[in-house]
Amino acid sequence: MNKPTDKMKLRSLLVEIKASAEQLTKKDIAFWRQAWQMALNPDNPQRFRLYDIYRDAMVDDHLTGCVTQRKNFVKRKTFKIADKSGREKPELTEMFENPWFKDFMDFALDSVLYGHSLVQFNDLTVSDGHPAFGSCVLVPRRNVIPEYGVVVREVGDDPHRGISYREGVFASSCVEIGKPDNLGLLLNLTPQCISKKNMLAYWDMFGEIFGMPIRIGKTASRDQKEIDKTEHFLKELGAAGWALFPEGTELEIKETTRGDAFNVYDRRIDRCNSEISKAVLGQTMTIDNGSSLSQSEVHLKVLNNLIDADADMLRDTVNHKLIPFLIVHGFPLQGCRFEWDEYPDYTPEQQIEIER
């Protein structure tokens, strides 16, 4: 990889992987435990079933909102590339103001949820005299076995027959994020998402059974045609419905008296949401309704601690993994570091007041 022409020849791991469909079958706690046990197998650790459950859990709107809030607080922070003395190098910072780096930040922050991310860089080119990547992609997690440092061609293959991404030709195009034995925060969140989905399904079933009044028809006629006619009207009786029955026919609307669905289902769903908020955001009031300003400020401080931890993780990943990787590919980053620019941004009015 010493010549510029050689640097262009980055093989893609995605070409080596055979695509497979993810399972969209119903997941329950027993399925989650079995998948967890498969991932903990020391001889043949397989995470693909666990990742299928994670994918199912991420459909939850509340979880998606919590994760998006936590990630966006980090991504909106201003960063800079500085030399050893701490002075910013604007031309190098501009090199990171690129779509591939924003994608890399996403994949790095996702490693908190999934435990691991393997990122491959593609399309090494030269832009304005400096090397640049056209894109970076996430190697499908279902095919990655981080415990062995390999990628398997088909989901479920023996890891001993996998392709190493820590050694050989793919080591020069991949950056690994996360710890090999970490299964991610979603391992803790999945049971709450499963329970919440079940409660919503049960509540829909309750609404079908008890939510609508029951129509009861009574007729003294023994004529099958009249009975079929009455049955037809009962089926078709809807908005502004009417019916003409023979003498002796009675129609009764039986209202339901079951009114405890709210306490049974909605309170359980609220508890699931609050548990998800606590696990992802460390508190509940920055995404749910709060009761007081003082409490919300305390909860915001808790969230800021999590954001700072994510920002430190991302900074360390860039400095210790990404920048050495980029230097190998010719990026002029020797002696430079990625830092968050904590200098506050003031409006012109605020700046005038400060100077005054």
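Modeller: Let's start with a definition: a charge sits over a ring if NZ of Lys or CZ of Arg is within 6 Å of the ring centre and within 35 degrees of the ring normal. Keep in mind that this is a predicted model.

Colleague: Thanks! Over the face of which residue does lysine 77 lie?

Modeller: The distance limit here is within 6 Å of the ring centre. Lysine 77 is placed at 5.8 Å from the centre of its ring partner. That partner is tryptophan 340.

Colleague: And how far is the charged end of arginine 141 from the centre of the ring of tyrosine 114?

Modeller: Here the charged end belongs to arginine 141, and the ring under it is that of tyrosine 114. The distance to the ring centre is 4.0 Å.

Colleague: Now for rings that pair with rings. How do phenylalanine 121 and phenylalanine 325 pair: stacked, edge-to-face or tilted?

Modeller: Planes under 30 degrees apart count as stacked and over 60 as edge-to-face. These two rings lie 5.0 Å centre to centre, with 35° between the planes. By the definition, an angle between those limits therefore makes the pair tilted.

Colleague: How many residues apart are they along the chain?

Modeller: Phenylalanine 121 belongs to strand S2 (residues 116-127), while phenylalanine 325 is part of helix H11 (residues 293-328). Both are buried. Their pair links distant parts of the chain, 204 residues apart.

Colleague: Last one: which elements give two or more residues to the lining of the largest cavity?

Modeller: The largest cavity holds about 80 Å³ of space. Its lining includes Val67, Arg70, Leu109 and Val112, and divides into six nonpolar, no polar and three charged residues. The elements you want are helix H5 (61-75) and helix H7 (99-114).

Conventions. Residues are numbered from 1 along each chain as its sequence is written. This is a predicted model: local features need pLDDT of at least 70, side-chain atom pairs count only at pLDDT 80 or more; totals for chains, interfaces and linings use all residues. Side-chain values use heavy atoms; hydrogens and water are left out. On a 1 Å grid over the protein atoms alone, a cavity is a set of points where a 1.4 Å probe fits but cannot get out, and a pocket is an open set with protein on both sides within 12 Å along at least five of seven lines; lining residues have an atom within 4 Å of a point. Grid points are joined across faces, edges and corners, and a volume is the space filled by probe spheres set on the points. Helices (H or I, at least four residues) and strands (E, at least two) are DSSP runs, numbered from the N terminus. Ala, Val, Leu, Ile, Met, Phe, Trp, Tyr, Cys and Pro count as nonpolar, Asp, Glu, Lys and Arg as charged, and the others, Gly among them, as polar. Rings of Phe, Tyr and Trp (its six-membered ring) pair if their centres lie within 6.5 Å; planes under 30 degrees apart count as stacked, over 60 as edge-to-face and the rest as tilted. Buried means under 20% relative accessible area, exposed over 50%, partly exposed in between (1.4 Å probe, protein chains only).
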